[in-house]
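Here are my notes on the structure, set out as numbered points. Please read them with the sequence and the coordinates open beside you.

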Amino acid sequence: MLDFQDLDFTTEKFRELCSALAENYTSVTIEQYLTAGNDLPERFVLMRHDVDGKAIPSLRTALIEKEFGIRATYYFRAKRNIYVPEVIQQIEAMGHEIGYHYETLSDSNGDYEKAIKLFGEEVQRFRSICTLKTISMHGASLSKYDNRDLWNRYDFKDFGIIGEAYLSLGEDLNYFTDTGRGWNSKNNLRDFIPGRTQKFVAETTDDLIRLIGSGKMENLYITLHPDRWTSTTFRWALFWVQDLAFNSAKKALRMMRK
Ligand SMILES: [Zn+2]
């Protein structure tokens, strides 16, 4: 079934979004944002990606961002087909930040001791293949546990983590998320930062692009799920997987342009 939203959340639309962002804002990673102090660019965008489904579609968005000089932060769950070292390392090599999308409290059915042990193990799994400084919780919508509650009893700083993408960010950011396949959807539940009132609203990606071009917003914090953005040029990615060891990101980029 095709509805109008299928024509919105596409790779082509993502490219338009990146183009508008690159023209109007300087991108910073979550780590850069947390360590910049007063040195943040005058107008900046935090481009955050939660990789919930498969890892592969992230290569597509990562390459497009690289093309526009945008540095994003990619949070990967520590699950099969998502924690894929070859993909994670390629994305890091493009200049993006890699983060850990944790869900150990819901994985452990609310057992805090189990959850924090698993958290430590998964942090080490990431550190064995990439640099890891920040985390974001996965909002397991069917679970009764909120993974952030882990930090009521423990401190992620004990693991060398400098920030959490929901808990550590400023109140003054203009927040947009594609959860629910519509920006600022009311179906977002846990994806919204609690108590946040939204000054600017966008329903479609075109609305968001218009807002970006309007110059009204000083900064932006976008959360986008790469695997929800469909592509008409998906075949290159399949080829990329088959020949993963031999394909450079450059070659993949050339293929995507064809
Ligand atoms: Zn998630």
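1. In this predicted model, isoleucine 91 is a residue of helix H4, and with a relative accessible area of 0% it is buried, because anything under 20% is counted that way. Not counting residues up to four places away in sequence, isoleucine 91 touches Ser58, Leu59, Ala62, Tyr74, Phe76, His96 and Ile98. The C-alpha atom of isoleucine 91 is separated by 9.7 Å from that of threonine 61, a residue 30 places apart from isoleucine 91 along the chain.

2. How do helices H3 and H4 lie with respect to each other, roughly parallel or roughly antiparallel? The axes of H3 (residues 56-67) and H4 (residues 85-93) come within 10 Å and cross at roughly 10 degrees, and the two helices are therefore roughly parallel to each other, since the angle falls under 35 degrees. On the H3 side the contact involves Ile56, Ser58, Leu59 and Ala62, and these meet Val87, Gln90 and Ile91 of H4. Sorted by class, the contact of H3 with H4 has five nonpolar and two polar residues, with no charged residues.

3. A second helix pair is formed by H1 (residues 11-24) and H8 (residues 205-214), which pack at an angle of about 10 degrees with their axes 9 Å apart; that angle makes H1 roughly parallel to H8. The H1 residues in this contact are Lys13, Glu16, Leu17, Ala20, Leu21 and Asn24, while H8 contributes Thr205, Asp206, Leu208, Ile209, Ile212 and Gly213. Here the residues divide into six nonpolar, three polar and three charged, whereas the contact of H3 with H4 has no charged residues.

4. Which protein atoms serve as donors of the zinc ion? They are Asp52 (OD), His101 (NE2) and His138 (ND1), lying 2.1 Å from the ion, and along the chain these donors follow the spacing D-x48-H-x36-H. Aspartate 52 lies in the loop between strand S2 (44-51) and H3, and histidine 101 lies in strand S4 (residues 97-102), so this pair ties together parts that are 49 residues apart in sequence. Both aspartate 52 and histidine 101 are buried.

5. The remaining donor, histidine 138, is placed in the loop between strand S5 (134-137) and helix H7 (150-153), and it is buried, with a relative accessible area of 11%. The side chain of histidine 138 makes polar contacts with the side chain of aspartate 52, at 3.1 Å, and with the side chain of histidine 101, at 3.3 Å. Not counting residues up to four places away in sequence, histidine 138 touches Asp52, Arg77, His101, Tyr102, Glu103 and Asn147.

6. Finally, leucine 224 belongs to strand S8 (residues 219-224) and counts as buried, at 0% relative accessibility. Where leucine 224 and arginine 48 are concerned, 176 residues separate the two in sequence, yet their C-alpha atoms are 6.3 Å apart in space. Arg48 is also among the residues that leucine 224 touches, and the others are Phe14, Leu17, His49, Asp50, Asp178, Trp183 and Trp229, again not counting residues up to four places away in sequence. One of these, Leu17, appears in the contact of H1 with H8 as well.

Conventions: Residues are numbered from 1 along each chain as its sequence is written. This is a predicted model: local features need pLDDT of at least 70, side-chain atom pairs count only at pLDDT 80 or more; totals for chains, interfaces and linings use all residues. Side-chain values use heavy atoms; hydrogens and water are left out. Axes are lines fitted to C-alpha atoms, for helices over the stretch in contact, and angles run from 0 to 180 degrees between N-to-C directions. Helices (H or I, at least four residues) and strands (E, at least two) are DSSP runs, numbered from the N terminus. Angles under 35 degrees count as roughly parallel, over 145 as roughly antiparallel, 65 to 115 as roughly perpendicular and the rest as oblique. Contact means heavy atoms within 4.5 Å. Ala, Val, Leu, Ile, Met, Phe, Trp, Tyr, Cys and Pro count as nonpolar, Asp, Glu, Lys and Arg as charged, and the others, Gly among them, as polar. Buried means under 20% relative accessible area, exposed over 50%, partly exposed in between (1.4 Å probe, protein chains only). A polar contact is a pair of N or O atoms within 3.5 Å; within protein, one must be able to donate a hydrogen and the other to accept it, and residues adjacent in sequence count only if both atoms are side-chain atoms. Donors are N, O and S atoms within 2.8 Å of the metal (3.2 Å for Na, K and Ca); water is not among the atoms, so sites may look incomplete.
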